[in-house]
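Please open the model in the viewer and keep the sequence at hand. The stops below indicate what to select next and what is to be found there.

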Amino acid sequence: MSRIGKKPVELPSGVTASVSGQTIEVKGPKGTRSFKATDDVTITVDGNVVTVEPRGKSKRARQQWGMSRTMVANLATGVSEGFKKELELSGVGYRAQMQGNTLKLSLGYSHDVNFEVPEGVTVTAPKPTDVIVEGIDEQVVGQVAANIRAWRKPEPYKGKGIKYKGEYIFRKEGKKK
């Protein structure tokens, strides 16, 4: 039995939810998001509490139960607080700066990397070595941060590259004479 699915989703103050068929729409101060659940679960809204129940005892219904509950919880968190990923650049000459809707990265290549920021995501560079990705959709925020990190992943010898704030980089010892 799903331990995650059993837990009801409490909507924060200022957030409203409405269900039509299998689609739940959540509105909050940061915007509106919706999620279409499969036919294996039933979503009900009672005041400021959203509950998700499985239809039947099949394996797929139990799988969708926990996942759907988590998706609804992420909708509520996104429209009330939003999601945030922080990246750090470490390496000599590694810098980031915003120019309009483009993140300009100097990563030791012979050219600068220009990263176009997609809709629904805000990218800021408060310091030349820090990048902050924010938005109301957790999946999009995580994907944008991963795409930025993919330009120069941290390497294990000196730790140079783009890493998530607080990420541990497994270090290797270099060659010995």
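Begin by selecting arginine 152 together with tyrosine 109: in this predicted model, the arginine lies over the face of the tyrosine ring, 4.3 Å from the ring centre. A second arrangement of this kind appears on selecting lysine 85 and tyrosine 164, where the lysine is placed over the ring face at 5.3 Å from the centre. How many aromatic pairs does a search of the whole structure find? The count is zero.

Next, display helix α2, residues 59-80. Its 22 residues, at 1.5 Å a residue, should span 32 Å, and the end C-alpha atoms are 33 Å apart, so the expected and modelled lengths agree. Continue past the helix to glycine 82, which follows α2 and has a positive phi, near 90°.

The tour now turns to charged side chains. Twelve salt bridges are counted in the model. Select arginine 33 and aspartate 137, whose side chains form one of them, with 3.6 Å from N to O. This pair links distant parts of the chain: arginine 33 belongs to strand β4 (residues 31-36), aspartate 137 to the loop between β12 (130-135) and α3 (138-149), and 104 residues separate them. Is each partner buried or partly exposed? Arginine 33 counts as buried because its relative accessibility of 16% is under the 20% limit. Aspartate 137, at 23%, counts as partly exposed.

Move to glutamate 86 and lysine 84, which meet in a salt bridge of 3.7 Å, N to O. Both are on view at the surface to some degree: glutamate 86 is partly exposed with a relative accessible area of 28%, and lysine 84 is partly exposed at 47%. Then select aspartate 112 and lysine 104, joined by a salt bridge of 3.5 Å, N to O. Here aspartate 112 is partly exposed at 35%, as is lysine 104 at 26%. To see a network of salt bridges with shared partners, select Lys84, Glu86, Glu88, Lys127, Asp130, Lys163 and Lys165 as one group.

For the interior, hide the charged side chains and show the largest nonpolar core, which has 20 residues. Which of its residues touch the most other members? They are Leu89, Leu103, Leu105, Val123, Val131, Val133 and Ile148. At least two residues of this core come from each of β7 (83-90), β9 (102-106), β10 (113-116), β11 (121-124), β12 and α3. The largest share, four residues, is supplied by α3.

Centre the view on valine 123. Leaving aside residues up to four places away in sequence, valine 123 touches Met98, Leu103, Val117, Val131, Ile132, Val133 and Val144. Apart from the largest core lies another core, of 18 residues; to locate it, select Val9, Val15, Val26 and Phe35, which are among its members.

The last stop is glycine 174, in the segment after β13 (161-164). Glycine 174 is partly exposed, with a relative accessible area of 48%. Add lysine 158 to the selection and draw a C-alpha to C-alpha distance: glycine 174 and lysine 158 are 9.2 Å apart in space and 16 residues apart in sequence.

Key: Residues are numbered from 1 along each chain as its sequence is written. This is a predicted model: local features need pLDDT of at least 70, side-chain atom pairs count only at pLDDT 80 or more; totals for chains, interfaces and linings use all residues. Side-chain values use heavy atoms; hydrogens and water are left out. Rings of Phe, Tyr and Trp (its six-membered ring) pair if their centres lie within 6.5 Å; planes under 30 degrees apart count as stacked, over 60 as edge-to-face and the rest as tilted. A charge sits over a ring if NZ of Lys or CZ of Arg is within 6 Å of the ring centre and within 35 degrees of the ring normal. The expected span of a helix is 1.5 Å times one less than its number of residues. A salt bridge is a side-chain nitrogen of Lys or Arg within 4 Å of a carboxyl oxygen of Asp or Glu. Buried means under 20% relative accessible area, exposed over 50%, partly exposed in between (1.4 Å probe, protein chains only). A nonpolar core is a set of buried Ala, Val, Leu, Ile, Met, Phe, Trp, Tyr and Cys residues joined through side-chain atoms within 4.5 Å. Contact means heavy atoms within 4.5 Å.
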